[in-house]
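Biologist: I would like to go through this protein with you. Show me the structure, and I will ask how you know each thing you say.

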Amino acid sequence: MEAILRTENICKYFGGLKAVQEVNIEVEKGIILGIIGPNGAGKTTLFNVLTGTYNSTKGKVYFKDRNITNLKPEKVTGLGIARTFQNIKLFKNMSVLDNVKIGFHTQTKTRMIDAIFRTATYKNDDRICEEVGMELIERVGLKDLKDEFASNLAYGNQRKLEIARALAVNPDILLVDEPTAGMNHTETLEVVKLLEKLNSEGLTVIIIEHDMSVIMNLCHNIVVLNHGQKISEGPPEMVRHDEKVIEAYLGREE
Ligand SMILES: Nc1ncnc2c1ncn2[C@@H]1O[C@H](COP(=O)(O)OP(=O)(O)O)[C@@H](O)[C@H]1O
Ligand SMILES: [Mg+2]
(Lines give C-alpha, C1' and ligand atoms only; values in the text may rest on other atoms or scores of the structure.)
(Ligands and ions follow the chains in the order given, each with its own letter.)
Protein backbone atom coordinates (compact mmCIF):
# COMPACT_ATOMS: atom_id res chain seq x y z
CA MET A 1 0.00 0.00 0.00
CA GLU A 2 1.22 3.45 -0.89
CA ALA A 3 0.17 6.06 1.67
CA ILE A 4 -0.12 9.44 -0.02
CA LEU A 5 -0.91 11.15 3.29
CA ARG A 6 -0.30 9.92 6.81
CA THR A 7 -0.18 11.25 10.34
CA GLU A 8 1.85 10.17 13.34
CA ASN A 9 0.23 10.75 16.72
CA ILE A 10 -1.24 14.05 15.64
CA CYS A 11 -2.65 16.15 18.52
CA LYS A 12 -4.44 19.49 18.61
CA TYR A 13 -5.30 21.02 21.95
CA PHE A 14 -7.22 24.23 22.56
CA GLY A 15 -6.10 25.08 26.08
CA GLY A 16 -7.30 22.13 28.12
CA LEU A 17 -9.57 20.80 25.38
CA LYS A 18 -8.02 17.88 23.50
CA ALA A 19 -9.80 18.28 20.17
CA VAL A 20 -7.55 15.73 18.42
CA GLN A 21 -5.53 13.20 20.39
CA GLU A 22 -2.77 10.94 19.10
CA VAL A 23 -4.48 10.25 15.80
CA ASN A 24 -2.72 8.04 13.25
CA ILE A 25 -4.18 7.77 9.79
CA GLU A 26 -2.83 6.42 6.53
CA VAL A 27 -4.54 7.44 3.34
CA GLU A 28 -3.89 5.07 0.49
CA LYS A 29 -3.37 6.74 -2.87
CA GLY A 30 -6.47 6.64 -5.07
CA ILE A 31 -9.07 5.87 -2.39
CA ILE A 32 -11.98 7.72 -0.88
CA LEU A 33 -11.50 7.85 2.88
CA GLY A 34 -14.41 8.81 5.09
CA ILE A 35 -13.96 10.52 8.45
CA ILE A 36 -16.99 10.21 10.69
CA GLY A 37 -17.86 10.75 14.31
CA PRO A 38 -20.38 12.63 16.45
CA ASN A 39 -20.51 16.43 16.50
CA GLY A 40 -17.44 17.86 18.17
CA ALA A 41 -15.42 14.67 17.63
CA GLY A 42 -12.53 16.62 16.11
CA LYS A 43 -13.09 15.94 12.40
CA THR A 44 -12.83 19.51 11.15
CA THR A 45 -9.94 20.19 13.51
CA LEU A 46 -8.09 17.23 12.01
CA PHE A 47 -8.66 18.70 8.52
CA ASN A 48 -7.39 22.05 9.76
CA VAL A 49 -4.20 20.43 11.02
CA LEU A 50 -3.73 18.38 7.84
CA THR A 51 -4.02 21.51 5.70
CA GLY A 52 -1.91 23.83 7.85
CA THR A 53 -4.87 25.97 8.92
CA TYR A 54 -4.00 25.08 12.52
CA ASN A 55 -0.58 24.18 13.82
CA SER A 56 -0.56 20.81 15.52
CA THR A 57 0.18 20.66 19.22
CA LYS A 58 2.15 17.44 18.74
CA GLY A 59 2.71 14.82 16.09
CA LYS A 60 3.58 14.80 12.41
CA VAL A 61 1.90 14.94 9.03
CA TYR A 62 3.54 13.39 5.97
CA PHE A 63 2.48 13.95 2.38
CA LYS A 64 4.19 11.66 -0.13
CA ASP A 65 6.71 10.89 2.62
CA ARG A 66 7.59 14.54 3.03
CA ASN A 67 7.15 16.05 6.48
CA ILE A 68 4.60 18.85 6.01
CA THR A 69 3.76 19.38 9.68
CA ASN A 70 2.78 22.98 10.40
CA LEU A 71 3.56 24.30 6.94
CA LYS A 72 1.48 27.33 5.97
CA PRO A 73 -1.86 26.60 4.25
CA GLU A 74 -0.74 28.12 0.90
CA LYS A 75 2.34 25.91 0.97
CA VAL A 76 0.29 22.80 1.71
CA THR A 77 -2.13 23.65 -1.10
CA GLY A 78 0.76 24.27 -3.47
CA LEU A 79 2.13 20.80 -2.73
CA GLY A 80 -1.13 19.21 -3.88
CA ILE A 81 -3.57 19.10 -0.95
CA ALA A 82 -6.78 21.02 -1.63
CA ARG A 83 -9.85 21.43 0.56
CA THR A 84 -13.35 22.76 0.81
CA PHE A 85 -14.91 24.16 3.98
CA GLN A 86 -17.82 23.10 6.16
CA ASN A 87 -19.37 26.49 5.45
CA ILE A 88 -19.18 27.28 1.76
CA LYS A 89 -16.69 30.05 1.09
CA LEU A 90 -17.36 31.63 -2.28
CA PHE A 91 -17.15 35.17 -3.58
CA LYS A 92 -20.88 35.63 -3.84
CA ASN A 93 -20.85 38.68 -6.12
CA MET A 94 -18.42 37.17 -8.58
CA SER A 95 -19.25 34.93 -11.50
CA VAL A 96 -18.82 31.18 -11.43
CA LEU A 97 -15.84 31.45 -13.78
CA ASP A 98 -14.17 34.20 -11.75
CA ASN A 99 -14.56 32.19 -8.57
CA VAL A 100 -12.62 29.35 -10.17
CA LYS A 101 -10.00 31.67 -11.65
CA ILE A 102 -9.28 32.94 -8.14
CA GLY A 103 -8.25 29.39 -7.25
CA PHE A 104 -5.23 29.73 -9.48
CA HIS A 105 -3.54 32.38 -7.39
CA THR A 106 -1.02 29.89 -6.03
CA GLN A 107 -0.01 28.81 -9.52
CA THR A 108 0.36 31.92 -11.62
CA LYS A 109 3.10 34.53 -11.56
CA THR A 110 0.71 37.44 -11.32
CA ARG A 111 1.40 39.80 -8.46
CA MET A 112 -1.01 42.45 -7.26
CA ILE A 113 0.96 45.09 -9.15
CA ASP A 114 0.54 43.11 -12.41
CA ALA A 115 -3.18 42.84 -11.87
CA ILE A 116 -3.59 46.57 -11.19
CA PHE A 117 -1.63 47.67 -14.25
CA ARG A 118 -2.82 44.77 -16.41
CA THR A 119 0.72 43.93 -17.48
CA ALA A 120 1.66 41.28 -20.05
CA THR A 121 2.19 38.78 -17.22
CA TYR A 122 -1.31 39.49 -15.98
CA LYS A 123 -2.89 39.17 -19.41
CA ASN A 124 -1.09 35.93 -20.16
CA ASP A 125 -1.94 34.46 -16.77
CA ASP A 126 -5.51 35.63 -17.11
CA ARG A 127 -5.89 33.87 -20.47
CA ILE A 128 -4.50 30.62 -19.06
CA CYS A 129 -6.75 30.92 -15.98
CA GLU A 130 -9.75 31.45 -18.21
CA GLU A 131 -9.01 28.34 -20.30
CA VAL A 132 -8.28 26.07 -17.40
CA GLY A 133 -11.12 27.63 -15.43
CA MET A 134 -13.56 26.68 -18.17
CA GLU A 135 -12.20 23.12 -18.21
CA LEU A 136 -12.77 22.82 -14.48
CA ILE A 137 -16.26 24.24 -14.66
CA GLU A 138 -17.08 21.68 -17.31
CA ARG A 139 -15.54 18.94 -15.21
CA VAL A 140 -17.91 19.66 -12.34
CA GLY A 141 -20.90 20.22 -14.65
CA LEU A 142 -21.39 23.99 -14.29
CA LYS A 143 -20.50 25.09 -17.82
CA ASP A 144 -23.92 26.55 -18.59
CA LEU A 145 -23.77 28.66 -15.42
CA LYS A 146 -20.32 30.16 -15.95
CA ASP A 147 -21.53 33.78 -15.95
CA GLU A 148 -23.97 33.49 -13.05
CA PHE A 149 -23.16 35.14 -9.75
CA ALA A 150 -22.19 32.51 -7.22
CA SER A 151 -24.99 33.79 -4.96
CA ASN A 152 -27.58 32.83 -7.60
CA LEU A 153 -26.58 29.18 -7.66
CA ALA A 154 -28.58 26.46 -5.95
CA TYR A 155 -26.85 25.11 -2.88
CA GLY A 156 -25.65 21.91 -4.60
CA ASN A 157 -24.12 23.92 -7.42
CA GLN A 158 -22.36 26.24 -4.97
CA ARG A 159 -20.73 23.17 -3.48
CA LYS A 160 -19.69 21.98 -6.93
CA LEU A 161 -18.22 25.40 -7.60
CA GLU A 162 -16.25 25.24 -4.39
CA ILE A 163 -14.90 21.87 -5.49
CA ALA A 164 -14.00 23.27 -8.93
CA ARG A 165 -12.08 26.07 -7.27
CA ALA A 166 -10.24 23.62 -5.04
CA LEU A 167 -9.27 21.64 -8.15
CA ALA A 168 -7.66 24.72 -9.70
CA VAL A 169 -4.38 23.89 -7.98
CA ASN A 170 -4.41 20.46 -9.65
CA PRO A 171 -4.28 18.62 -6.34
CA ASP A 172 -3.43 14.96 -5.74
CA ILE A 173 -5.78 14.88 -2.80
CA LEU A 174 -9.00 16.72 -2.01
CA LEU A 175 -10.40 17.16 1.49
CA VAL A 176 -14.12 17.89 1.63
CA ASP A 177 -15.83 18.86 4.89
CA GLU A 178 -19.53 17.88 5.01
CA PRO A 179 -20.14 18.54 1.31
CA THR A 180 -23.79 17.45 1.43
CA ALA A 181 -24.85 19.26 4.61
CA GLY A 182 -28.15 21.05 4.09
CA MET A 183 -28.77 19.51 0.69
CA ASN A 184 -31.81 17.73 -0.62
CA HIS A 185 -31.62 14.16 -1.86
CA THR A 186 -31.06 15.07 -5.52
CA GLU A 187 -28.32 17.57 -4.74
CA THR A 188 -26.66 15.06 -2.41
CA LEU A 189 -26.62 12.40 -5.13
CA GLU A 190 -25.09 14.84 -7.60
CA VAL A 191 -22.27 15.78 -5.28
CA VAL A 192 -21.65 12.11 -4.50
CA LYS A 193 -21.54 11.34 -8.22
CA LEU A 194 -19.10 14.17 -8.78
CA LEU A 195 -16.77 12.94 -6.05
CA GLU A 196 -16.93 9.42 -7.49
CA LYS A 197 -16.09 10.73 -10.93
CA LEU A 198 -13.13 12.78 -9.68
CA ASN A 199 -11.90 9.77 -7.75
CA SER A 200 -12.16 7.55 -10.84
CA GLU A 201 -10.01 10.15 -12.62
CA GLY A 202 -7.27 9.55 -10.05
CA LEU A 203 -8.00 12.03 -7.27
CA THR A 204 -7.60 10.77 -3.71
CA VAL A 205 -10.48 12.06 -1.56
CA ILE A 206 -10.97 12.48 2.18
CA ILE A 207 -14.54 13.27 3.13
CA ILE A 208 -16.06 14.30 6.44
CA GLU A 209 -19.71 13.41 6.27
CA HIS A 210 -22.61 12.95 8.64
CA ASP A 211 -24.93 11.23 6.14
CA MET A 212 -24.28 7.53 6.74
CA SER A 213 -25.77 6.39 3.45
CA VAL A 214 -23.32 8.67 1.62
CA ILE A 215 -20.39 7.39 3.65
CA MET A 216 -21.28 3.72 3.34
CA ASN A 217 -21.75 3.91 -0.44
CA LEU A 218 -18.91 6.22 -1.31
CA CYS A 219 -15.97 5.31 0.90
CA HIS A 220 -13.42 2.55 0.51
CA ASN A 221 -12.23 3.05 4.04
CA ILE A 222 -13.51 4.88 7.11
CA VAL A 223 -11.88 6.40 10.17
CA VAL A 224 -14.09 7.03 13.18
CA LEU A 225 -13.29 9.76 15.69
CA ASN A 226 -14.86 10.29 19.08
CA HIS A 227 -13.71 12.85 21.65
CA GLY A 228 -10.66 13.53 19.48
CA GLN A 229 -9.52 9.93 19.38
CA LYS A 230 -9.63 7.35 16.62
CA ILE A 231 -11.92 4.63 17.90
CA SER A 232 -12.26 2.52 14.77
CA GLU A 233 -11.19 2.20 11.16
CA GLY A 234 -11.73 -0.13 8.26
CA PRO A 235 -14.00 -0.80 5.31
CA PRO A 236 -17.63 0.43 5.67
CA GLU A 237 -19.06 -3.01 6.47
CA MET A 238 -16.61 -3.50 9.31
CA VAL A 239 -17.02 -0.06 10.84
CA ARG A 240 -20.80 -0.24 10.60
CA HIS A 241 -20.85 -3.25 12.91
CA ASP A 242 -18.18 -2.08 15.32
CA GLU A 243 -19.64 -1.92 18.84
CA LYS A 244 -17.47 1.06 19.77
CA VAL A 245 -18.83 3.03 16.83
CA ILE A 246 -22.45 2.19 17.56
CA GLU A 247 -21.92 3.18 21.18
CA ALA A 248 -20.28 6.51 20.26
CA TYR A 249 -23.25 7.48 18.14
CA LEU A 250 -25.95 6.18 20.46
CA GLY A 251 -24.23 7.73 23.48
CA ARG A 252 -24.77 11.19 22.00
CA GLU A 253 -28.46 10.70 21.45
CA GLU A 254 -29.32 10.09 25.07
N1 LIG B 1 -10.65 27.29 17.08
C2 LIG B 1 -11.11 26.62 18.14
N3 LIG B 1 -10.93 27.06 19.39
C4 LIG B 1 -11.37 26.38 20.46
N5 LIG B 1 -12.00 25.21 20.39
C6 LIG B 1 -12.22 24.69 19.16
C7 LIG B 1 -11.78 25.36 17.98
N8 LIG B 1 -12.13 24.61 16.90
C9 LIG B 1 -12.74 23.53 17.40
N10 LIG B 1 -12.80 23.57 18.74
C11 LIG B 1 -13.38 22.54 19.62
O12 LIG B 1 -12.76 21.32 19.29
C13 LIG B 1 -13.70 20.26 19.34
C14 LIG B 1 -13.76 19.56 18.00
O15 LIG B 1 -14.38 20.43 17.07
P16 LIG B 1 -14.51 20.09 15.54
O17 LIG B 1 -13.20 19.63 15.03
O18 LIG B 1 -15.12 21.26 14.87
O19 LIG B 1 -15.54 18.87 15.57
P20 LIG B 1 -16.35 18.15 14.40
O21 LIG B 1 -15.90 18.73 13.09
O22 LIG B 1 -16.03 16.69 14.53
O23 LIG B 1 -17.80 18.40 14.67
C24 LIG B 1 -15.03 20.86 19.77
O25 LIG B 1 -15.16 20.71 21.16
C26 LIG B 1 -14.86 22.33 19.39
O27 LIG B 1 -15.65 23.16 20.19
MG1 LIG C 1 -16.92 19.78 11.61
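Modeller: Helices and strands are DSSP runs: at least four residues for a helix, at least two for a strand. By that count the protein has 10 helices and 11 strands. Keep in mind that this is a predicted model.

Biologist: What makes the protein as compact as a globular protein of that length?

Modeller: Its radius of gyration is 19 Å, and the globule rule gives 18 Å for 254 residues. The two values are close, so the protein is as compact as a globular protein of that length. Its C-alpha atoms fill a box of roughly 60 × 40 × 35 Å along the principal axes.

Biologist: Which domains does the assignment give?

Modeller: Domain 1 is 1–80 + 171–254, and domain 2 is 90–169. Their centres are 27 Å apart, taken over C-alpha atoms. Contact joins 12 residues of domain 1 with 10 residues of domain 2. On the domain 1 side, H2 and helix H7 (185–200) each give two or more residues. H7 gives the largest share, four residues. That side has six nonpolar, three polar and three charged residues.

Biologist: Which residues touch the most other members of the largest nonpolar core?

Modeller: That core has 60 residues, and Ile 35, Ile 137, Ala 164, Leu 175, Ile 206, Ile 207 and Val 224 touch the most other members. Helix H6 (residues 155–167) gives the largest share, five residues.

Biologist: How do you know where this core lies relative to domain 1 and domain 2?

Modeller: Both domains give residues to the core, so it lies between them. Take Ile 35 as one member. Beyond four places in sequence, Ile 35 touches Lys 43, Leu 46, Ile 206, Ile 208, Val 223 and Leu 225.

Biologist: Lys 43 comes up around ligand 1 as well. Which elements give two or more residues to that shell?

Modeller: The residues around ligand 1 include Phe 14, Leu 17, Gly 40, Lys 43 and Thr 45. Strand S2 (17–23) and helix H1 (43–50) each give two or more. H1 gives the most, three residues. By class, the shell has four nonpolar, six polar and one charged.

Biologist: Why is Glu 178 called buried or exposed?

Modeller: Count the C-beta atoms within 10 Å: a residue with 20 or more others is buried. Glu 178 has 20, so it is buried. Glu 178 sits in the loop between strand S8 (173–177) and H7. Its phi is near 50°, a positive value in a residue other than glycine.

Biologist: What sets such a phi apart?

Modeller: Most residues other than glycine have a negative phi. His 227 also has a positive phi, about 50°, although it is not a glycine. His 227 is in the loop between strand S10 (221–226) and strand S11 (229–234).

Biologist: Why does His 227 count as partly exposed?

Modeller: His 227 has 15 C-beta neighbours inside 10 Å. Partly exposed lies between the exposed limit of 12 or fewer and the buried limit of 20 or more. So His 227 counts as partly exposed.

Biologist: And what makes Ile 68 partly exposed?

Modeller: Ile 68 has 18 C-beta neighbours inside 10 Å, so the verdict is partly exposed. Ile 68 lies in the loop between strand S6 (66–67) and helix H2 (73–79). Leaving aside neighbours within four places in sequence, Ile 68 is in contact with Val 61, Tyr 62, Phe 63, Val 76 and Leu 79.

Conventions:
Residues are numbered from 1 along each chain as its sequence is written. Chains are lettered from A and ligands numbered from 1 in the order in which they are written. This is a predicted model: local features need pLDDT of at least 70, side-chain atom pairs count only at pLDDT 80 or more; totals for chains, interfaces and linings use all residues. A nonpolar core is a set of buried Ala, Val, Leu, Ile, Met, Phe, Trp, Tyr and Cys residues joined through C-beta atoms within 7 Å. Domain bounds come from an automatic or database domain assignment. Two residues are in contact if their C-beta atoms, placed from the backbone, lie within 7 Å. A residue is near a molecule or strand if its C-beta atom, placed from the backbone, lies within 6 Å of it. Ala, Val, Leu, Ile, Met, Phe, Trp, Tyr, Cys and Pro count as nonpolar, Asp, Glu, Lys and Arg as charged, and the others, Gly among them, as polar. The radius of gyration is taken over C-alpha atoms; the globule rule is 2.2 Å times the number of residues to the power 0.38.
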